[in-house]
Amino acid sequence: LRMNPRAHAHGGEESIRSYYDEFAVRYEDQRRTRRPNGYHALIDDLEIDFALRYATGKDLLEVGCGTGLILERLAPHCKTAKGVDLSPGMLQPAQARGLDVQEGSATSLPFEDETFDVVCSFKVLAHVSEIEKAFREMLRVTRKGGYVLAEMYNPLSLRALAKRLGPAGFISDKTKESAVFTRFDSPWKTKKLIPAGARIVDSRGVRIAIPVATAMNIPLLNHGLRRLEWAICDSRLSIFGGFWIAAIQKDH
């Protein structure tokens, strides 16, 4: 499973921008009203915790910052925090939050070489067809010895199985998730995508044991799944995370 077979023809930036401009209207509906022990809260917490392992007190860039939900929580812990996103619709709420964000593409970042200590990207790279170009760009704007935190959709996961077998969800009244290009790259495949001059030094698996997101709506079960996910996110089982985050260090 390399990419969603329902999304082969939608890899251009214009179609992706239009998709997320449309998605922006509903994007925060579940996320802002999420319960503390709900699905989206758990995913966000695991991603933020891993990012702060590297970004605390540093200059940070989030590629694909969307409406700023992650960046808003990272920024107070960083020396500086900036965000970039392809979708103007997504950026409007981020700008309303007072975040330092601007429009731009993962494959052509609007920053000088070696500007940031840490460049992170969550749930974005899976929608980039020119993935190797995106990796080169993120590493270009990263200082020597710094880190790129790249989250990939993992085919070796319960989430990938659910996506293959289940119906595509709706992002609006007329558009389904299957309308956007989506790729799935295993940890082993991801290692081969990293350009020379950088190496994976750490990783984390997110959503390893949760079979479907709605399982986190079940009382008691959600507490057990949350504890289990935290217990195994950095273990050998991390390679089965639906979202697999690679910490890629740029050579000195």
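In which sense do strand S2 (residues 80-85) and S3 pair, and over how many bridges? Parallel, over four bridges. This is a predicted model, and the close-ups below start with that strand pair.

**View 1. Strands S2 and S3 side by side.** S2, covering residues 80-85, lines up with S3 in the parallel sense, with four bridges between them. For a landmark, look for valine 84, which stands opposite glutamine 102 in S3.

**View 2. The whole sheet, strand by strand.** Zooming out a little, seven strands make up an open sheet, and the order across it is S3-S2-S1-S4-S5-S7-S6. The pairing is mixed. Strand S3 (100-103) and strand S6 (198-206) are the edge strands, each pairing on one side only. From one strand to the next, the twist averages 20°.

**View 3. S4 meets S5.** Here strand S4 (residues 116-121) runs parallel to S5, and five bridges join the two. Valine 118 is a handy place to start, since tyrosine 147 in S5 stands opposite this residue. S5 itself is mostly covered, with nine of its twelve residues buried.

**View 4. Arginine 53 and its two aspartates.** Arginine 53 gets double duty in this one. Its side chain meets that of aspartate 202 in a salt bridge, at 2.9 Å from N to O. Arginine 53 sits in helix H3 (residues 39-55) and aspartate 202 in strand S6, so this pair ties together parts that lie 149 residues apart in sequence. The side chain of aspartate 234 also meets that of arginine 53 in a salt bridge, this time at 3.1 Å from N to O. That second pair links distant parts of the chain too: aspartate 234 is in the loop between helix H9 (221-232) and strand S7 (243-250), 181 residues from arginine 53 in helix H3. How covered are the partners? Arginine 53 counts as partly exposed at 40% relative accessibility. Aspartate 202 is partly exposed as well, with a relative accessible area of 22%, and aspartate 234 is partly exposed at 40%.

**View 5. The wider salt-bridge network.** Step back from arginine 53 and further charged residues come into the picture: Asp49, Arg53, Asp202, Arg204 and Asp234 are linked in a network of salt bridges. Side chains of opposite charge can pair when their charged atoms come close. Across the structure there are 14 salt bridges.

**View 6. A buried salt bridge.** Aspartate 185 pairs with arginine 183 in a salt bridge, and the closest N and O atoms are 2.6 Å apart. Are these two residues buried or exposed? Both aspartate 185 and arginine 183 are buried.

**View 7. Cysteines without a disulfide.** Searching the whole structure turns up zero disulfides. Cysteine 78 is in none, and the nearest cysteine sulfur, that of cysteine 120, is 8.1 Å away. A disulfide needs the two sulfur atoms within 2.5 Å, so cysteine 78 and cysteine 120 don't make one at 8.1 Å. Cysteine 78 counts as buried, at 10% relative accessibility. Cysteine 233 is buried too, with a relative accessible area of 1%.

**View 8. A nonpolar patch on the surface.** Which residues form the patch here? Leu156, Trp188, Leu237 and Phe240 do, and together they have about 370 Å² of accessible area. To find your way in, start from leucine 156, in the loop between strand S5 (142-153) and helix H7 (158-165). Leucine 156 is partly exposed, with a relative accessible area of 34%.

**View 9. Helix H5 and the glycine after it.** Helix H5 covers residues 88-96, and Gly89, Met90, Leu91 and Ala94 in this helix are buried. An α-helix has 3.6 residues a turn, so residues three or four places apart point the same way. Just after H5, check the backbone at glycine 98, which takes a positive phi of about 80°.

**View 10. Leucine 71 and alanine 81.** Leucine 71 lies in helix H4 (residues 69-74). With 0% relative accessibility, leucine 71 counts as buried. Its C-alpha atom is separated by 7.4 Å from that of alanine 81, ten residues apart along the chain.

Methods:
Residues are numbered from 1 along each chain as its sequence is written. This is a predicted model: local features need pLDDT of at least 70, side-chain atom pairs count only at pLDDT 80 or more; totals for chains, interfaces and linings use all residues. Side-chain values use heavy atoms; hydrogens and water are left out. Buried means under 20% relative accessible area, exposed over 50%, partly exposed in between (1.4 Å probe, protein chains only). Patches are made of residues with over 30% relative accessible area and no salt bridge: like charges are joined within 9 Å, nonpolar side chains (Val, Leu, Ile, Met, Phe, Trp, Tyr) within 5 Å. Accessible areas come from the Shrake-Rupley method with a 1.4 Å probe; for residues, only the protein chains shown count as cover. A salt bridge is a side-chain nitrogen of Lys or Arg within 4 Å of a carboxyl oxygen of Asp or Glu. Two strands pair if DSSP finds at least two bridges between them. Axes are lines fitted to C-alpha atoms, for helices over the stretch in contact, and angles run from 0 to 180 degrees between N-to-C directions.
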